[in-house]
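Trainee: Could we go through this structure together? I would like to start with the backbone and then move on to other topics.

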Amino acid sequence: MISIIHTKTKPVEEVKNAFLKLMAQLNYTPSKTKVLLKPNIVDAVKPQTAVITDPKVIGGLILALKDKGVEEFVIGENSGFFSINQKNFQRLIKETGYRKMVDRLKKKHGINVRILNLQFTEFDEYPWIYGTLKLPKICRTHSYINIAKMKTHQMTAVTLSMKNQKGLLLFQDKKNFHLGYDGAGSLHSCIREYAKVIQPEFSIIDSTCALEGTGPVTGPENQTKVRHLNILIAGKDMIELDNAACQIMGVSIEDVQHLPKKKVNLAPGSEPIIPADPPFQKPDSYMKYGNIFLHTSPYGCSNCQMAFSRMFRKIMFTPEYIKKFQNLQQKYPRIDVFIGNTSITEIPNFENPVVFFGKCTKSIAEDLRKNFIPGCPPNHNKAIDVLFNL
Ligand code: SF4
């Protein structure tokens with residue numbers, strides 16, 4: 001059973017009241033007095049981009065849970081690229097507004113809340129179809145609540161509550177998901193099987209604003225747009241919840257390979273499911289950065305995407321590089337960059353330069369004798385060198 005409620009993100013008391021209603025409609029009270037909240041904080045951007053779970057939604061949820069008797073809150077995230085060192089992680093939580101929200105809850109409401117980088121914590125081992133997964137111990141000691149963001153996604157069609165669980169994984173397992181554990185599975189089968197390994201007590205999809213187009217992050221060429229839905233969706237079953245979200249987005253379940261089809265039941269008092277009109281824009285198969293077309297295979301992971309995006313941001317913020325990039329655009333009308341294990345049949349015989357980005361593409365780069373940028377993921381400064389020497 002799921003429930004949908006209308007809310008704005010301001011004031012935070014409105015969000016709190018919305019959550020109190022949702023929890024009452026779904027008859028949910030945390031089983032423990034300590035809670036792990038797992039939002040989606042995938043990039044160091046503001047919440048109005050619709051790329052991250054809005055910190056004000058988390059703030060309202062914490063206030064509501066405090067009224068339900070929760071005494072300790074941990075906001076946990078492993079966002080891969082930003083989590084592999086603590087300095088980047090601190091930048092992530094500052095720039096997204098999470099640091100400010102937590103400080104306010106502590107000072108104004110005296111709440112016991114902290115933010116935890118899940119790359120650096122203690123782990124339990126969970127057996128699963130592809131071997132053993134290490135997941136944070138805190139998933140067992142605390143009531144685990146999953147708060148995803150409603151977004152379309154270039155590799156998985158959508159990213160909702162099932163996919164948001166990837167943020168509990170260690171950096172190496174995130175890569176393994178994309179590599180399908182050496183081809184034993186695929187990213188889609190990994191997400192589907194993983195949902196059998198661990199389930200939240202309660203799941204929420206922040207759909208106050210949502211992302212459509214070539215998500216899950218915002219590219220430089222208007223390939224994504226923000227939809228203002230002003231709703232929160234919640235339920236105890238991730239699969240049912242993600243089915244409901246797809247109906248709202250106008251996305252066919254058949255297009256979401258990791259998501260089993262399931263009947264959606266609305267809780268008494270829920271708003272109805274109203275499909276978006278027009279449906280959410282589907283992702284393109286590439287991301288465009290000026291004259292560069294970036295292709296990510298289903299086996300490529302977001303660490304290479306983040307490294308590429310970081311490289312591009314550095315170019316755009318360095319006057320000397322801006323000039324070089326302008327020259328590059330004049331020299332070549334198009335450059336194609338590939339991330340992730342890609343088969344030869346997917347590579348057209350381009351007349352313009354082709355660049356393979358990251359260790360996963362080494363053998364195909366060698367076979368085709370094309371440009372290759374090593375690293376897992378590559379260092380963005382080295383990548384800039386290769387690009388400007390084409
Ligand atoms: S080379 Fe890139 S895509 Fe491949 S595992 Fe490493 S970071 Fe991920």
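Mentor: Let us begin with alanine 50, which counts as buried at 0% relative accessibility. Please keep in mind that this is a predicted model.

Trainee: Where does alanine 50 lie?

Mentor: Alanine 50 lies in the loop between E2 and helix H2 (55–67). Its phi is positive, about 65°, although alanine 50 is not a glycine.

Trainee: Why is a positive phi worth a remark?

Mentor: Because most residues other than glycine have a negative phi.

Trainee: What about asparagine 27: what is its phi?

Mentor: Asparagine 27 is a residue other than glycine with a positive phi, near 55°. It is found in the loop between H1 and strand E2 (34–38).

Trainee: Is asparagine 27 buried or exposed?

Mentor: Asparagine 27 counts as exposed, because its relative accessibility is 65% and the cut-off for exposed is over 50%. Alanine 50, at 0%, counts as buried.

Trainee: On to peptide bonds. Which residues does a cis peptide bond join?

Mentor: One such bond joins lysine 10 and proline 11, with omega at about -10°. Proline 11 belongs to the loop between strand E1 (2–6) and helix H1 (12–25). Another cis peptide bond links glycine 215 to proline 216, and there omega is about 15°. Proline 216 is located in the loop between E9 and strand E10 (224–235). In general, most peptide bonds are trans.

Trainee: You mentioned E9. Where in the chain is isoleucine 205?

Mentor: Isoleucine 205 is part of strand E9, which covers residues 202–213. It is buried, with a relative accessible area of 0%.

Trainee: What does isoleucine 205 touch?

Mentor: Not counting residues up to four places away in sequence, isoleucine 205 touches several residues, among them Met150, Leu160, Ile231, Ile233 and Ala245. Isoleucine 147 is 58 residues from isoleucine 205 along the chain, yet their C-alpha atoms are separated by 5.6 Å.

Trainee: New topic: how many disulfides are there?

Mentor: The count comes to zero disulfides. For cysteine 139, the nearest cysteine sulfur is that of cysteine 190, 18 Å away.

Trainee: And why is cysteine 190 without a bond?

Mentor: The closest cysteine sulfur to that of cysteine 190 is in cysteine 301, and at 12 Å it is too far for a bond. A disulfide is a covalent bond between the sulfur atoms of two cysteines, and the cut-off used here is 2.5 Å.

Trainee: Are cysteine 139 and cysteine 190 buried or exposed?

Mentor: Cysteine 139 is buried, with a relative accessible area of 10%. Cysteine 190 is buried as well, at 0%.

Trainee: Now the ligand. Which residues surround it?

Mentor: The surrounding residues include Lys175, Cys301, Asn303, Lys359, Cys360 and Pro377. The shell divides into five nonpolar, four polar and two charged residues.

Trainee: In which pocket does the ligand sit?

Mentor: The ligand sits in the second largest pocket.

Trainee: One last residue: where is tyrosine 299?

Mentor: Tyrosine 299 lies in the loop between strand E12 (292–296) and helix H10 (302–316). It is partly exposed, with a relative accessible area of 33%. Tyrosine 299 is 61 residues from cysteine 360 in sequence and 8.6 Å from it in space, C-alpha to C-alpha.

Trainee: What is tyrosine 299 in contact with?

Mentor: Leaving aside neighbours within four places in sequence, tyrosine 299 is in contact with His178, Leu179, Gly340 and Asn341.

Note on methods:
Residues numbered from 1 in each chain as written. Predicted model: local features only at pLDDT ≥ 70, side-chain atom pairs only at ≥ 80, totals over all residues. Heavy atoms only, no water. Near = heavy atom within 4 Å. 1 Å grid on protein atoms, 1.4 Å probe; cavity = no way out; pocket = protein on both sides within 12 Å on 5 of 7 lines; lining within 4 Å. Sits in = over half its atoms within 2 Å of the grid points. Nonpolar A, V, L, I, M, F, W, Y, C, P; charged D, E, K, R; others polar. Buried < 20%, exposed > 50% of the residue type's maximum accessible area, 1.4 Å probe, protein only. Helix = DSSP H or I, 4+ residues; strand = E, 2+ residues; numbered from the N terminus. Contact = heavy atoms within 4.5 Å.
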